[in-house]
Amino acid sequence: MAKIETPRPIRGTQDIFGAEAEAFAHVVETFERVRKLYRFRRVEMPVFEKTEVFSRSIGETTDVVSKEMYSFEDRGGESLTLRPEFTAGIARAYLTDGWQQYAPLKVATHGPLFRYERPQKGRYRQFHQIDAEIIGAAEPQADVELLVMADQLLKELGIGANDPGAVTLNLNTLGDSDSREAWRSALVAYFRDVKASLSEDSQERLEKNPLRILDSKDERDKVFVADAPQIDQFLSGEAQDFFGAVTSGLDAAGVAWSRNPALVRGLDYYRHTAFEFITDRLGAQGTVLGGGRYDGLMESLGGAATPAVGWAAGIERLAMLVGEWPIEAALAILPESETLEERALAVAAELRHAGIPCWTAFRQNPKKRNAKARADGALAALYVKAPDAQGREFSVSSVSGTDAESKLIRRVMDILGGRVGGRFPE
RNA sequence: GCGAUUGUAGCUCAGUUGGUUAGAGCGCCGGUUUGUGGUACCGGAGGUCGGGGGUUCGAGACCCCUCAAUCGCCCCA
């Protein structure tokens, strides 16, 4: 007799429904369309991998690996991990599946990722990303193409269309590994001198991840960040040329960008180009799409040195920027009595086969169906009646009075023709 | 891991300095009316006031603990 307690959802998971789910789907559909324009090949990747795929590539000491992974032992005692990102798994597949033969290889995918973090606005433990990677191309043109694609995607989603400040592309270079190391040492030396004045977090970062001090939100740090050594002083000629080719390529393609010398990457494998499309519309979670070049990653997985570059974007965050997205409008099929139930079924099937989205109900009560159809956003209504002497058995009724409705009604009239009688617009 | 805020009906929320039987709108169910079409009206179901403990003659209101959600820090998309 004990009452059964309904299990609660897992913290940080989401049940996405209604206009939000439509917006989510719209983001994915737009991504699919755009990636085909750029001829990125679709790949499907496993949701879990051996733990070492991530620990080796992302870096043992990073927070992502040390405390944010969903890891578990399978029945054979092997340590497996739900993917916290796409890149490492794709890199693994490139090495284990012989994808080298396709290099330079452009791939795209999307799906759920998992990170054991505190949920907040636009951040979840199971979250979803779209992802694009170019593997086996050392050329700056690869970086450019990826960024041009990202820019087009955001534009096609209408993000920033009426609101130019909504997203901006922040761009930086981390240099090659020598440049990056020299810069890092200089930063450590610089910040060590003022260590006592830094925030507690940044004193910690000085040891673990000094680059991250640069984007600290703490005022105590910001005063020193302003005068901190910049990567430009440490860039090799080659690294400078590379970055120059990326920026001039973006200019040529008409992609607006702004240099952000404080932009760094949290993960160990990044080199050269680093970028983020940043918005100020999502509270503290400003990064909508981010990525960079990861020339060092393949070696950390035991493969031959292979240059690569890629980005990923949070679908939830993009969906929030897109706003509510309506479900496709439909024609409500409304039988006028219970005896016409099956005729309604038949005409709905006929119209759907012809590509007309139809709204139907399961319950009787024909009186309330009309109101329900309208509440569900039906564009127009088709009443199913007993056929008259001329064989007319339907009447069409205006609901929304919109252009979309007239278009829909015209298509319906083309299909049903003389079977429609009674009153209808025009 | 840390901090702030918030938990009252399926949803959005009222609920006065603690005081009878905890309310509204929407939704849901039933009915009457209307009858070429977003009706109106009537009725009904639905609440361990997140959970536990305490203070009090009396707690949805006050105190403690706990759980959860939201937002922020760390980190990161």
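This is a short tour of a predicted model, with a few selections to make in your viewer.

**Stop 1: the aromatic pairs**

Start with the rings. The model has 4 aromatic pairs in total. Select Y70 and Y116, which are one of them: the ring centres are 5.5 Å apart and the planes meet at 70 degrees, so the pair is edge-to-face, the cut-off for that label being over 60.

Now turn on the cartoon and see where these two tyrosines come from. Y70 lies in strand β3, residues 70-73. Y116 belongs to the loop between β5 (105-114) and β6 (126-135). The two partners are 46 residues apart in sequence, so their contact ties together separate parts of the chain.

Are these rings buried or exposed? Neither label fits: Y70 is partly exposed, with a relative accessible area of 23%, and Y116 is partly exposed as well, at 43%.

Next, select Y190 and F191. Their ring centres are 5.0 Å apart with the planes at 75 degrees, so this pair is edge-to-face too. Switch on a surface and check the two residues in turn: Y190 counts as partly exposed at 22% relative accessibility, whereas F191 is buried at 0%.

**Stop 2: charges over rings**

Go back to Y116 and add R125 to the selection. What does R125 do here? It lies over the face of Y116, at 3.9 Å from the ring centre. So keep both Y70 and R125 on screen around this tyrosine: Y70 makes the edge-to-face pair with Y116, and R125 sits over the face of the Y116 ring.

For another example, jump to R265 and Y270. The charged end of R265 sits over the Y270 ring, 5.6 Å from its centre.

**Stop 3: the cavity**

How many cavities of 30 Å³ or more does the structure hold? There is 1, and the space in it comes to about 50 Å³. To find it, select M45, P46, E49, F54, R83, E85, F86, G89 and I90, which line it. Colour that lining by residue type and you should get 5 nonpolar, 1 polar and 3 charged residues. The charged ones are E49, R83 and E85, and the polar one is G89.

**Stop 4: helix α11**

Finish by selecting residues 315-322, which make up helix α11. This helix is mostly covered, with 7 of its 8 residues buried. The buried ones are I315, E316, R317, L318, A319, L321 and V322, so you'll find charged side chains such as E316 and R317 on that list. Then step just past the helix to G323, where phi turns positive, at about 85 degrees.

Notes
Residues numbered from 1 in each chain as written. Chains lettered and ligands numbered in written order. Predicted model: local features only at pLDDT ≥ 70, side-chain atom pairs only at ≥ 80, totals over all residues. Heavy atoms only, no water. Buried < 20%, exposed > 50% of the residue type's maximum accessible area, 1.4 Å probe, protein only. Helix = DSSP H or I, 4+ residues; strand = E, 2+ residues; numbered from the N terminus. Phe/Tyr/Trp six-rings, centres within 6.5 Å; stacked < 30°, edge-to-face > 60°. Lys NZ or Arg CZ within 6 Å of the ring centre and 35° of its normal. 1 Å grid on protein atoms, 1.4 Å probe; cavity = no way out; pocket = protein on both sides within 12 Å on 5 of 7 lines; lining within 4 Å. Points joined across faces, edges and corners; volume = space filled by probe spheres on them.
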